[in-house]
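Subject: A structure for you to explore

Hi there,

Here is the structure I promised to pass on to you. Have a look at it first, and then read my notes below with the model open beside them.

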Amino acid sequence: MSHAPIDSGSAGVSVVAGERNMTSIVIISIIATLGGFLFGFDSGVINGTVDGLKIAFNSESAGTGFNVASILLGCAAGAFFAGPLSDSYGRRTILIISAVLFILSAWGAGIATSSVEFVIYRLIGGLAIGAASIICPAYISELVPAEYRGKLSSIQQIAIISGLTAAFLSNYVLAHAAGGSIHPFWMEYEAWRWMFWVGVIPAAIFLFSLLAIPESPRYLVTRGKSDKALAVLTKLYGATTAKKTVDDIYNSIAHDHKPSFSDLIDKTKGRVRPIIWVGVGLAILQQFVGINVVFYYGAVLWQAAGFSENDSLMINVVSGAASIGACFITFFLVDKVGRKPLLLVGSIGMTITLALVAYAFAGAPVDEKGNLMLTGNLAILALVSANLYVIFFNMSWGPIVWIMLGEMFPNQIRGTGLAVAGLAQWLANFLITWTFPMLLGSALGLSGAYGIYMLCSLFSVFFVIWWVHETKGVTLEQMEG
């Protein structure tokens with residue numbers, strides 16, 4: 001339907017606190033972040049299955065790296081297509097499709113009998129993760145008040161880390177109960193297969209929960225369904241704020257055409273909008289600091305450093321718990337101190353701790369097989385520095401990048417801007433994940449790999465200072481491209 005806006009005054013939305021239904025807003029946000037939980041679980045579950053994959057599919061380091069990283073190609077495709085598809089069919093609809101794909105992937109990865117079959121199911125899971133990774137924060141940012149947007153959007157990272165930790169804990173329990181990830185467990189299926197099958201449960205919960213939440217009102221306005229958008233916003237914000245918000249959304253979008261990739265080009269200057277480059281830079285640097293090496297290869301990393309499989313899996317659980325605690329720092333501070341200061345603190349902290357980890361690995365002796373032997377002070381330094389690195393990441397670049405990607409693009413280009421940034425993020429993730437086993441087996445080793453991530457973290461300090469602009473308290477209708 002067409003929409004004739006009433007006088008909307010200023011671009012900002014002043015929500016009448018007495019009319020706001022915060023309980024519903026929080027519940028909707030939590031349901032949306034179940035996609036983040038599955039993002040984390042499906043990403044982290046591979047951590048404890050690497051040995052099983054090597055034996056089951058008879059793969060070497062490059063092949064194992066591709067089996068682990070294959071999901072990320074699906075993530076790149078899912079993130080790229082989910083943005084424009086959500087502009088056409090709705091944020092909620094795409095999340096429902098992603099929930100179905102999560103279920104199919106979790107089941108299929110566990111029943112796979114060949115490397116090709118396994119990769120296919122992991123690619124399907126990647127489509128779901130990629131879609132959820134960008135649509136969940138975008139959906140939340142489009143439903144919550146500006147003054148709480150950072151806090152509620154940061155739940156996404158808490159959910160991701162909770163999913164990772166749940167995967168690590170599940171892997172640990174299953175491997176411990178079976179006597180190892182490659183040993184038979186219930187019904188004579190190897191424990192590593194059950195590690196994947198556990199993911200069916202949260203995926204099913206996500207699917208049915210999505211049926212109870214509304215569509216994004218900003219999507220509804222862009223599709224000419226202002227009456228439905230008004231109904232959603234009235235339930236959440238009250239009638240007064242709902243009318244004003246619908247008008248502000250209407251005034252922030254183009255009416256001569258639907259959102260498209262051509263909107264990413266500044267028509268007056270004939271070049272890509274600067275905000276797109278900032279989004280792409282944030283997305284790539286979030287991965288190039290090497291965080292997912294810890295998440296995806298944590299067990300392999302610590303075994304390479306001389307720890308047993310059992311101890312390595314437990315270290316993952318401890319790292320996950322520390323990560324959740326760090327996310328709560330962001331939860332309480334992001335709407336008070338802002339996005340940029342937290343990013344800057346995180347970049348500096350990660351640079352220092354990555355340098356210490358690289359130093360610890362460089363100074364460790366090796367056994368007759370060439371394996372690192374971390375003992376004494378070097379072992380303590382590596383463990384403490386690695387976990388401090390994880391904490392710095394998860395109080396800054398982990399949650400803040402997802403928050404900013406969900407909110408920084410103007411309404412007209414939010415879907416397409418997310419598509420480009422999401423594609424860049426997952427391709428960078430794939431590159432880091434695929435190359436780590438090869439770096440591990442090269443002359444560079446663990447120390448060289450972490451030295452590379454440290455240099456990327458150092459660059460992120462200057463990227464934040466020069467190119468990132470604060471978005472705290474700015475309404476989505478005020479975002480500039």
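Let's start with a cysteine: C327 is buried, because its relative accessibility is 0% and the cut-off for buried is under 20%. C75 is another buried cysteine, with a relative accessible area of 1%. As you may know, a disulfide is a covalent bond between the sulfur atoms of two cysteines. How many disulfides does the count come to? The count is 0. Please keep in mind throughout that this is a predicted model.

**The whole protein**

Now step back and look at the chain in full. The protein has 481 residues, and 58% of them count as buried. You should be able to find 20 helices and 2 strands. Take the contacts between residues at least 6 apart in sequence: 81% of these join residues at least 24 apart. As for the outside, the protein exposes about 17900 Å², and carbon and sulfur atoms supply 69% of that area.

**Two residues inside helices**

Next, try selecting F206, which sits in helix α9 (residues 200-210). Is F206 buried or exposed? With a relative accessible area of 0%, F206 is buried. Leaving aside residues up to four places away in sequence, F206 touches I31, A32, L34, G35, L38, L95, S98 and A99. One of these partners, L95, is a nice one to show on screen: F206 and L95 are 111 residues apart in sequence, yet their C-alpha atoms are 9.0 Å apart in space.

A76 makes a good second stop. This alanine belongs to helix α3 (residues 61-89), and its relative accessibility of 3% means that A76 counts as buried. Which residues does A76 touch, if we again skip those up to four places away in sequence? They are L423, W426 and L427. You can also check the distance from A76 to A131: the two are 55 residues apart along the sequence and 8.8 Å apart from C-alpha to C-alpha.

**Helix α12**

Here is a small calculation you can repeat yourself. Helix α12 covers residues 239-251, which makes 13 residues. At 1.5 Å a residue, α12 should span 18 Å, and its end C-alpha atoms are 19 Å apart, so the two values agree. The buried residues in α12 are T241, A242, T245, V246, D247, D248, I249 and Y250. What do the buried residues of α12 pack against? Their partners are α10 (217-222) and α11 (226-237).

While you are looking at helices, here is a handy general point: an α-helix has 3.6 residues a turn, so residues three or four places apart point the same way.

**Salt bridges**

The structure holds 5 salt bridges. In one of them, the side chains of D87 and R91 meet, at 2.9 Å from N to O. D87 counts as buried because its relative accessibility is 8%, and R91 is also buried, at 4%. R91 meets E142 in a salt bridge as well, with an N to O distance of 2.8 Å. This second pair links distant parts of the chain: R91 is in helix α4 (residues 91-111), while E142 is in the loop between α5 (115-141) and α6 (146-153), 51 residues apart. E142 is buried too, with a relative accessible area of 0%.

Elsewhere, R339 forms a salt bridge with D335, and their closest N and O atoms are 3.1 Å apart. R339 counts as buried at 0% relative accessibility. D335 has 19% relative accessibility, so D335 counts as buried, given that the cut-off is under 20%. Looking at how the bridges connect, those that share partners join D87, R91, E142 and R414 into one network.

**A patch on the surface**

Finally, turn the model to find a nonpolar surface patch of about 720 Å². L455, L458, F459, F462, I465, W466 and W467 make up this patch. L458 is in helix α20 (residues 445-467). With a relative accessible area of 36%, L458 is partly exposed, because that class lies between 20% and 50%.

Have fun exploring, and write back if you get stuck!

Best wishes

Note on methods. Residues are numbered from 1 along each chain as its sequence is written. This is a predicted model: local features need pLDDT of at least 70, side-chain atom pairs count only at pLDDT 80 or more; totals for chains, interfaces and linings use all residues. Side-chain values use heavy atoms; hydrogens and water are left out. Helices (H or I, at least four residues) and strands (E, at least two) are DSSP runs, numbered from the N terminus. The expected span of a helix is 1.5 Å times one less than its number of residues. Buried means under 20% relative accessible area, exposed over 50%, partly exposed in between (1.4 Å probe, protein chains only). Contact means heavy atoms within 4.5 Å. Patches are made of residues with over 30% relative accessible area and no salt bridge: like charges are joined within 9 Å, nonpolar side chains (Val, Leu, Ile, Met, Phe, Trp, Tyr) within 5 Å. Accessible areas come from the Shrake-Rupley method with a 1.4 Å probe; for residues, only the protein chains shown count as cover. A salt bridge is a side-chain nitrogen of Lys or Arg within 4 Å of a carboxyl oxygen of Asp or Glu. A disulfide is a pair of cysteine sulfur atoms within 2.5 Å.
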